[in-house]
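Visitor: I would like a close look at a single part of this model, set against the rest of the chain. Please keep it plain.

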Amino acid sequence: RALQDSIISAVPDAHRPIFFLLTRQGIRPGEAVALQWRDIDMTAGTVLIRRTESLRKIKEQTKGKVETYRLLHPDLLLMLKTFPPRFPKDYIFLNINTGRPYRVNNLEGIWNKACAKVGVDNITLYEGTRHSVASQAATRGVSLFKIGEVLGHSDKRTTERYAKMDVSDQIEVFESPSPATVTKLSPSTKQSDK
């Protein structure tokens, strides 16, 4: 999260809201650019994911072809309440440079420049947002089932890709045995790596 926030801090102020959404909500970049005000229920604190950008065009269905209600991250709900009121079919996030909705390639360009400013290489927009939200949750011990439900995965194998071990977990796996353990092992003891 600290790395995500440092990258967001390098994004120009006018573009930060959509990146804040991506790093907190875990939706796909194509779903974020397609969000309209009719998709937000401020009272219930939910967002309806029902559209996406694909091949630079807005599609009236998501990648999984399923409309999904998700709770909004509390910080996102507060942020959206500060936006000026608009019509239901207006896009939530507009590119200040063009006055039009963002496209994923716009976001990728902004993300890559911000990464370069903070000296981070090889983290794509998708990895640094959606993938990272899932990996952080897995590191905190959230079940893969819950992560998959929130991210809208229809196949648990997709979710399993996000369950990367935290560095401290890796150290624990490769930690040297204690001296007491070493003395118990003799040359005749047969070891197995299974």
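Visitor: Where is Asn 122 found?

Guide: Asn 122 is found in the loop between H5 and H6. The model is predicted, and the angles and areas below are computed from it. Phi of Asn 122 is near 60 degrees, a positive value, and the residue is not a glycine. For background, most residues other than glycine have a negative phi. Asn 122 counts as exposed because its relative accessibility is 75%, where the cut-off for exposed is over 50%.

The two helices beside this loop can be taken in turn. Helix H5 spans residues 104–117 and is among the elements that give two or more residues to the largest nonpolar core. H5 gives the most to this core, with six residues. The other elements giving two or more are helix H1 (2–9), helix H2 (16–25), helix H3 (29–33), strand S2 (46–49) and helix H4 (74–81). The core has 34 residues, and those that touch the most other members are Ile 18, Phe 19, Leu 35, Leu 80, Ile 92, Phe 93 and Leu 107.

Leu 35 shows how distant parts of the sequence meet there. Beyond its neighbours within four places in sequence, Leu 35 is in contact with Leu 21, Ile 27, Val 47, Leu 48, Ile 49, Asp 90, Tyr 91, Ile 92 and Phe 93. Of these partners, Tyr 91 sits in the loop on the other side of H5, between H4 and H5. Unlike Asn 122, which counts as exposed, Tyr 91 counts as buried because its relative accessibility is 18%, with the cut-off for buried at under 20%. With the same sequence neighbours left aside, the contacts of Tyr 91 include Val 33, Ala 34, Gln 36, Trp 37, Arg 51, Ile 58, Arg 86 and Pro 101. Tyr 91 and Ala 32 are 59 residues apart in sequence, while their C-alpha atoms are 9.8 Å apart in space.

On the far side of the Asn 122 loop comes helix H6, which covers residues 125–139 and gives two or more residues to the lining of the largest pocket. Strand S5 (68–71), helix H7 (144–151) and H2 do so too. H7 has the largest share of that lining, five residues. The pocket holds about 460 Å³ of space. Of its 20 lining residues, Arg 24, Gln 25, Val 133, Arg 140 and Val 150 are the closest to its centre. By class, the lining has ten nonpolar, six charged and four polar residues.

Ser 132 also lies in helix H6. Ser 132 counts as buried because its relative accessibility is 17%. Setting aside residues up to four places away in sequence, Ser 132 touches Gln 4 and Glu 127.

As for the whole chain, there are ten helices and five strands. Of its 194 residues, 39% count as buried. Among contacts between residues at least 6 apart in sequence, 55% join residues at least 24 apart. The chain exposes about 12300 Å², and carbon and sulfur atoms supply 55% of that area.

Methods:
Residues numbered from 1 in each chain as written. Predicted model: local features only at pLDDT ≥ 70, side-chain atom pairs only at ≥ 80, totals over all residues. Heavy atoms only, no water. Helix = DSSP H or I, 4+ residues; strand = E, 2+ residues; numbered from the N terminus. Buried < 20%, exposed > 50% of the residue type's maximum accessible area, 1.4 Å probe, protein only. Contact = heavy atoms within 4.5 Å. Areas by Shrake-Rupley, 256 points an atom, 1.4 Å probe, with all protein chains shown as cover. Core = buried A, V, L, I, M, F, W, Y, C linked by side-chain atoms within 4.5 Å. 1 Å grid on protein atoms, 1.4 Å probe; cavity = no way out; pocket = protein on both sides within 12 Å on 5 of 7 lines; lining within 4 Å. Points joined across faces, edges and corners; volume = space filled by probe spheres on them. Nonpolar A, V, L, I, M, F, W, Y, C, P; charged D, E, K, R; others polar.
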